[in-house]
Amino acid sequence: MEFLRRPPIAIVLGAFVIFLLARFVAGAAADEFSARLAAQAPTVIAAAGGADQVEASFQTPGGHPSRHPVLIGGEPLDETTRADIAKAVAALPGVGGIRWSDGGMMAVSGEPVFRPLHCQEDVQALLRARTIRFEESSSRMDIGSSALIDEVAAALRPCLGAIIRITGHTDNSGPEPINIELSTERANAVRSALVRRGIPADGLRTAGVGSQRPVEGLDPADPANRRIEFAVIATDPISPTPVDTPAPR
């Protein structure tokens, strides 16, 4: 044990012990902190309209405590409700940045950093006059919709890098579980069609909500409720790259 009498080694060992104790105490405090946030989150999520549909995970993928939660679920919810949920969780004292598990809206200090892009308006203008049609009780698009999908893909192309949400809707004929399944399959069919036309798959999200959200002013049984809607959300401001920026003359 003679080496322990040497001051440099004793100092190093003492510092190492202090470091381990600090790590242990910090880890315990972090666990308690994230557990407290996780206990508070369900109340504010429910108040914002996400009860039984959205949960907040205050852990990293490796299982460590985090103050940057991931919001899980809520795919059928509209973007306004999702924004309200994100802001409500972000307003909890101590919460940092928020993200959705499906790549949707993020918020820091209660402020959303995503915004709708102009391509959503371009797509909506196309769909106001025409409709993506499917064979009855099927997710197979009719032949006449192919040209419209071409135009939708062209309208979305300037906003590559954004998150594009594709939501399928039905009327209320038939059992609702079947309506939800069918609307989901139709949204996925549109996604596949866009991927074949060069829209990156990793930016496309799909959801089917069945007959839960009929067109305002329409009877839920009206066939016009059978529709596809698009929401285009920016993930980051688009900055010019060297390819986009002309060289100085």
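Which residue in E7 is the bridge partner of Arg165? In this predicted model, that partner is Arg205. The briefing below places this pair in its setting of strand E6, helix H5 and strand E7, and then turns to Thr81 in helix H2.

**Strand E6 and its partners**

- Strand E6 comprises residues 163-169, and seven of its seven residues are buried.
- Ile163, Arg165, Thr167 and His169 point to one side of E6, while Ile164, Ile166 and Gly168 point to the other; both sets are buried.
- With E7 (204-208), strand E6 pairs in the parallel sense over five bridges, and Arg165 lies across from Arg205 in this pairing.
- The chain passes from E6 through H5 to E7, forming a right-handed β-α-β crossover.
- With E8 (227-233), strand E6 pairs in the antiparallel sense over seven bridges, and here Ile166 stands opposite Phe230.

**Helix H5: length and faces**

- Helix H5 runs over residues 176-196, and at 1.5 Å a residue its 21 residues should span 30 Å; the end C-alpha atoms are 30 Å apart, so the two values agree.
- The buried residues of H5 are Asn179, Leu182, Ser183, Arg186, Ala187, Ala189, Val190, Ala193 and Leu194.
- These buried residues lie on the same side of H5 because they cover an arc of only 150° around the axis.
- An α-helix has 3.6 residues a turn, so residues three or four places apart point the same way.
- Pro177 and Arg196, by contrast, are exposed on the other side of H5.

**Surroundings of helix H5**

- The cover over the buried residues of H5 includes helix H4 (146-156) together with strands E6, E7 and E8.
- Both strands joined by the crossover through H5, E6 and E7, are thus among the elements that cover the buried residues of this helix.
- After H5 comes Gly198, which has a positive phi near 100°.

**Thr81 in helix H2**

- Thr81 belongs to helix H2, which spans residues 79-90.
- The relative accessibility of Thr81 is 16%; this residue therefore counts as buried, the cut-off being under 20%.
- When neighbours within four places in sequence are set aside, Thr81 is in contact with Ala48 and Gly49.

Key
Residues are numbered from 1 along each chain as its sequence is written. This is a predicted model: local features need pLDDT of at least 70, side-chain atom pairs count only at pLDDT 80 or more; totals for chains, interfaces and linings use all residues. Side-chain values use heavy atoms; hydrogens and water are left out. Helices (H or I, at least four residues) and strands (E, at least two) are DSSP runs, numbered from the N terminus. The expected span of a helix is 1.5 Å times one less than its number of residues. Buried means under 20% relative accessible area, exposed over 50%, partly exposed in between (1.4 Å probe, protein chains only). The arc is that of the directions from the helix axis to the C-beta atoms. Contact means heavy atoms within 4.5 Å. Two strands pair if DSSP finds at least two bridges between them. A crossover is right-handed if, with the strands pointing away from the viewer, the path from the first strand over the helix to the second runs clockwise.
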